[in-house]
Amino acid sequence: MKLGWIGLGRHASQMLLPKLAGLGAEIAAVCDPAPDALSRGRLLAPAATPYTRARDLLAHPGLDAVGIAVGPAVHAELAPLALARGLPVFIEKPPGATAVQAEAIEAAAERARKPAVVGFMKRHATANRIAWNATRQPEFGALAGFLGHYMTAPTYFQGNPDYAGFYLHHCVHYLDLVPWLMGPLSGLRVRKHETAPGRLLLHLDMDCRSGALATLAMGTLQSRGAPVEWWQVMGDHRRVEVRNVTEVRYVRDPAFKVDDPDATLTEAADTLVWEPNPTVAADEDHKGYRALLKGFLARVRGEAADVPEIGDGVRAMRRLDAMRRSIDTGDRVALEA
Ligand SMILES: NC(=O)c1ccc[n+]([C@@H]2O[C@H](COP(=O)([O-])OP(=O)(O)OC[C@H]3O[C@@H](n4cnc5c(N)ncnc54)[C@H](O)[C@@H]3O)[C@@H](O)[C@H]2O)c1
């Protein structure tokens, strides 16, 4: 399979291109207008034809698909052009700067009848996947509530307390992840607390169509040097918790142990814990990029694969638009079915 890749910045060069090579995809053409990025891309894919203009890459003969990891406006501009050429696309998040831009990509994918896969890799992180599967077991009961926080640092905004990048590059992940876990949302309301310019804490109160309650805090008040990503989904006498995408705790309904001198841990009731094994000599990607790209390659081959596609991207961007409106007005914003 021959891929063209547009945008050879930090993310593509560190995370995506090495994974694609490991999955056996051939990077036949690369594009970036920045000379240092282009030479970095050529080191990663020495046989690839280099381009500085994306439109020239899209005309490269023999491509089976294209990947784009640049930024919201360029994703919205280039994905429809690739699809119009009949090329399936992988688009990093966010799929545009607004829901309207994401909808234009969706319309182009429908016209071309080609897949447009979006980089919501958190769905594919090992821990999140384990937890999602646990919540889908009948014994988990109805999903009653979600509680989580997902923080970053103010460093992105030094000298420029414009939260657009925080919303588009950071918050959008959880506006996909929460409904992936809890089902569709009917509305949301945001409260904000800004302790200083660039230092923001958001509280999202999300209404699930099922009646479940979802509460999420996101903000720019924590260090990038220490991860702050935690969530819990509550069922009936069960809950599953994921901490920093590296620990799953599945809490069930254990017996009291204090008066039982023979108390031990039982397979059926006590808490189960999973964590990755960093001692194995294997290049395991528990963040989900490899699994997501593997699914994308399957979609390019015309196979079914459980990957986030542009319809998911449109819904996440509608929630993001609703979040921005609620931040401005303080009102609850309804989300259409
Ligand atoms: N899913 C994730 O976990 C994740 C993580 C990091 C970044 N991302 C996303 O990936 C995208 C890129 O992020 P990044 O951190 O690599 O940014 P970056 O700034 O390091 O890289 C962007 C690259 O695109 C190039 N570029 C700009 N305009 C271009 C054009 N018209 N055609 C081709 N190349 C162009 C730039 O020269 C630069 O090299 C963003 O949308 C970001 O949100 C996703």
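Why does the distance of 26 Å between the end C-alpha atoms of H7 agree with its 19 residues? In this predicted model, helix H7 comprises residues 164-182, and at 1.5 Å a residue its 19 residues should span 27 Å, so the separation of 26 Å between the end C-alpha atoms agrees with that expectation. The helix nevertheless bends by about 45 degrees at Cys171. H7 is mostly covered, with 14 of its 19 residues buried, and the residue that follows the helix, Gly183, has a positive phi, near 95 degrees.

The sheet across which H7 lies is open and is formed by nine strands in the order E14-E13-E12-E11-E7-E10-E9-E8-E15, with mixed pairing. Its edges are provided by strand E14 (272-274) and strand E15 (333-334), each of which pairs on one side only. Within the sheet, strand E7 (residues 145-151) and strand E11 (residues 229-234) run antiparallel and are joined by six bridges; in E7, His149 has Trp230 of E11 as its bridge partner.

Two helices are considered here in relation to this sheet. Helix H7 lies across E7, strand E8 (185-196), strand E9 (199-208), strand E10 (213-219) and E11, and its direction runs at about 160 degrees to that of E10. Helix H9 (residues 310-329) also packs on the sheet, where it touches E8, E9 and the edge strand E15, and the direction of H9 makes about 50 degrees with that of E8. Strands E8 and E9 are thus among those contacted by H9 and among those across which H7 lies.

Methods. Residues numbered from 1 in each chain as written. Predicted model: local features only at pLDDT ≥ 70, side-chain atom pairs only at ≥ 80, totals over all residues. Pairing = 2+ DSSP bridges. Helix = DSSP H or I, 4+ residues; strand = E, 2+ residues; numbered from the N terminus. Contact = placed C-beta atoms within 7 Å. Axes fitted to C-alpha atoms, helices over the stretch in contact; angles between N-to-C directions. Expected span 1.5 Å × (residues − 1). Bend = angle between axes of the 7 residues up to and from the residue. Buried ≥ 20, exposed ≤ 12 C-beta atoms within 10 Å, placed from the backbone.
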